[in-house]
Amino acid sequence: MEFGGGSGGDHDGSDSHRRKKRYHRHTSNQIQRLEAMFKDCPHPDEKQRLQLSRELGLAPRQIKFWFQNRRTQMKAQHERADNSALRSENDQIRCENIAIREALKNVICPSCGVPPINEDSYFDEHKLRMENAQLKEELDRVSSIAAKYIGRPISQLPPVQPIHISSLDLSMASFGGHGMGGPSLDLDLLPGSTSSTMPSLPYQPIGILDMDKSLMTDIAATAMEELLRLLQTNDPLWMKSSTDGKDVLNLESYDRIFPRATTHLKNPNLRIEASRASGVVIMNGLALVDMIMDPNKFGELFPTIVSMARTIEVISSGMFGSHSGTLQLMYKELQLLSPLVPTREFYFLRYCHQIEQGHWAIVDVSYDFPRDNQFANQSRSHRLPSGCLIQDMPNGYSKVTWVEHVEIEEKAPIHRLYRDLIHSGQAFGAERWLVALQRMCERYACLMVSGTSTRDLEGVIPSPEGKRSMMKLAQRMVNNFCASISTSNGHRWTTISGMNEVGVRVTIHKSTDPGQPNGVVLSAATTIWLPLSPQTVFNFFKDERTRPQWDVLSNGNAVQEVAHIANGSHPGNCISVLRAFNTSQNNMLILQESCIDSSGSLVVYCPVDLPAINIAMSGEDPSYIPLLPSGFTITPDGRQDQGDTSASTSSCSNINHIGGSGSLITVAFQILVSSLPSTKLNMESVNTVNNLIGTTVQQIKSALNCSSS
């Protein structure tokens, strides 16, 4: 009995083993239906898979695995076809190479009538020429970098004399020359323009091993799957905020759906920011993808948010000439336009995937280098899968859904003025990205319109080309202004005045770019809080009728708008050319651009002489018109309810501000200290800009009936 029982147990075990080996063969009808679905949609969503399972009598898991296997099979077929074509082409080139070598054996020099000394001399010479061209290109690159940081072309340097650090005027401990003296300032003279970067920034191309590239590809693919879930799923991942109705990430549900082995930067001070926003953008999806995947265009698309964006290395290129499948290792710095808020640095992977025709997804996810690597991230900012879903619309527009998800550990305590704004998630949240994208796409649409839509008061802009030239000039002015108040690695701000809690902060740099005045430029900025809505403050700065109340340099003279170019649906998004009623400066005009969206606003202006304005208005290239802009940034303070705080710190009369919210205003000026790059900074210039900002702040508060805190 025992033997029989044991035998029966073995028999049952073998039957169970055979049953595990069995697999289901799909019927021809099922395969035809699946193949038809695969042609229309290789990546069906969960609803489509459930519908197929009901129609075909299969489990959803079987449907999912069939599509995965079919995609793998299709990819292998494409790879085999590509390999076959490449192998054939390689064989053809090899045959041509052999034929050319055989022909070269019988070559006779036409000048001396003898065969060449070395049968491979042609190839050796060609190789040497290529190496020579590469060396020359490398020499030019190094020379330009050296010239940028030395301040003059490399050919002008003494041939033997070594370069001393003192020649860069890096030390500001003493003010020599012209018999001027004064207390020392802890300032650095930064070479290059405000947009230039320090040479130590680690975004130069590096060699990445194939094993690391494989790891990066896996990280990007996993991040893309997570991003698509975050973009397309509502409950239970997202909840509606009780205060403003915006999407808020349910962290408990997120941790349960996307568990991680180790929490990045385990620290009680770690803070998570997660937000989602969606809207319609006036640009087609393909153009948007092209701009986001190009780091230079990406920076131009978000000048108020991105202070720097660079591609370190392209891990994989797109398929069939598109961006789908492109994977890049990148570096970027994100900014809030105030010297009080440090930038956020990220080393990250950017991966683009075309889901179907007219649908793209772009994901960013931080990549952590090993600790012993020179690129190891020290910024304490970690980017969890974030990005956007772009869907083409029939009218040529796009629907964009944006997700921002980061872990932040601040290097230093957040300044009191910006604490509420940053902790609320508005400072770097998805809505700020989306509204900035909408505003810039409206601007590009206005730039591309062939007809003129200017309210040209005196006929000074004669053509659409003149309008586009003026818009390009104004955009360069705004970009220059945003770079001038950035806290990027290329800037070192120093507080020089105790005018208020913030003080006036200054930084200096040596300007050599064609679009800026040559010489030493001093940038100065301060931030104030006013118990007024951002819209009220913006209207005050934009209105040319109230300009004499705050513009110290106008000496109280009224200004007149000579030309007006709308660059968006909001009337506040426009470019103006202003003329001051001042007979002593009839040859000087003011170029001004104002920008506004729900995240904040800008008013940027710059004096431009009449001949330069005429160049731009006639449609010529404005790239070499020197600009040194100043202006204001206006952001909400992020406070939900101030209670009686505003009454205790400041008072406003005759102005209605709703809900107790206030505004943060950064006042920034740039002045040319000297047209000589070697000139040292003197105390007179510092006092001048300090007094300029102090007087401007007092006049702003006085005009808005706000007493000093």
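## Salt bridges

In this predicted model, Arg 547 and Asp 551 pair through their side chains in a salt bridge, 3.1 Å from N to O. Both partners are shielded. Arg 547 is buried, at 1% relative accessibility. Asp 551 is buried as well, at 7%. Elsewhere, salt bridges with shared partners tie Lys 332, Arg 350, Asp 364, Arg 383 and Glu 404 into one network. The structure holds 19 salt bridges.

Two further pairs show other settings. Lys 240 bridges to Asp 247, with the closest N and O atoms 2.8 Å apart. Lys 240 is exposed, with 61% relative accessibility. Asp 247 has 15% and is buried, because the cut-off for that class is under 20%. Asp 290 and Lys 297 form another salt bridge, at 2.7 Å from N to O. Here Asp 290 is partly exposed at 28%. Lys 297 is also partly exposed, with a relative accessible area of 31%.

## Overall architecture

The protein chain has 709 residues, and 45% of them count as buried. Its secondary structure comprises 16 helices and 20 strands. Consider contacts between residues at least 6 apart in sequence: 67% of these join residues at least 24 apart.

The chain exposes about 36700 Å². Carbon and sulfur atoms supply 53% of that area.

## A nonpolar surface patch

Val 280, Ile 282 and Tyr 397 make a nonpolar patch on the surface, of about 220 Å². Tyr 397 sits in the loop that runs between β10 (386-392) and β11 (398-408). Its relative accessibility is 32%, which counts as partly exposed.

## Helix α3

Helix α3 covers residues 46-56. Leu 52, Ser 53 and Leu 56 are buried within this helix. Viewed down the axis of α3, the buried residues fall within an arc of 100 degrees, so they line one face of the helix. Lys 47 and Arg 54 are exposed on the other side of α3.

Both ends of the helix have local features. At the start of α3, a side-chain oxygen of Asp 45 comes to within 3.3 Å of the backbone nitrogen of Lys 47. Just after α3, Gly 57 adopts a positive phi of about 75 degrees.

## Backbone exceptions

Most residues other than glycine have a negative phi, and most peptide bonds are trans. Two sites depart from this pattern. The bond joining Asp 235 and Pro 236 is a cis peptide, with omega about 10 degrees. Pro 236 belongs to the loop between α6 (210-232) and β2 (238-240).

The other site is Asn 705. Although Asn 705 is not a glycine, its phi is positive, at about 60 degrees. Asn 705 lies in the segment that follows α16 (683-703). This residue is partly exposed, with a relative accessible area of 33%.

## The surroundings of Ser 594

Ser 594 is part of strand β17, which spans residues 588-597. Ser 594 is buried, with 1% relative accessibility. A polar atom of the Ser 594 side chain lies 2.5 Å from the backbone oxygen of Gly 572.

Gly 572 also appears among the residues in contact with Ser 594, once neighbours within four places in sequence are set aside. The others on that list are Phe 538, Lys 542, Asn 573, Cys 574, Leu 602 and Val 603. Ser 594 thus combines a place in strand β17 with a side-chain approach to the backbone of Gly 572.

Methods: Residues numbered from 1 in each chain as written. Predicted model: local features only at pLDDT ≥ 70, side-chain atom pairs only at ≥ 80, totals over all residues. Heavy atoms only, no water. Salt bridge = Lys/Arg side-chain N within 4 Å of Asp/Glu carboxyl O. Buried < 20%, exposed > 50% of the residue type's maximum accessible area, 1.4 Å probe, protein only. Helix = DSSP H or I, 4+ residues; strand = E, 2+ residues; numbered from the N terminus. Contact = heavy atoms within 4.5 Å. Areas by Shrake-Rupley, 256 points an atom, 1.4 Å probe, with all protein chains shown as cover. Patch = residues over 30% accessible without salt bridge, like charges linked within 9 Å, V, L, I, M, F, W, Y side chains within 5 Å. Arc of directions from axis to C-beta. Polar contact = N/O pair within 3.5 Å; in protein donor to acceptor, adjacent residues only side chain to side chain.
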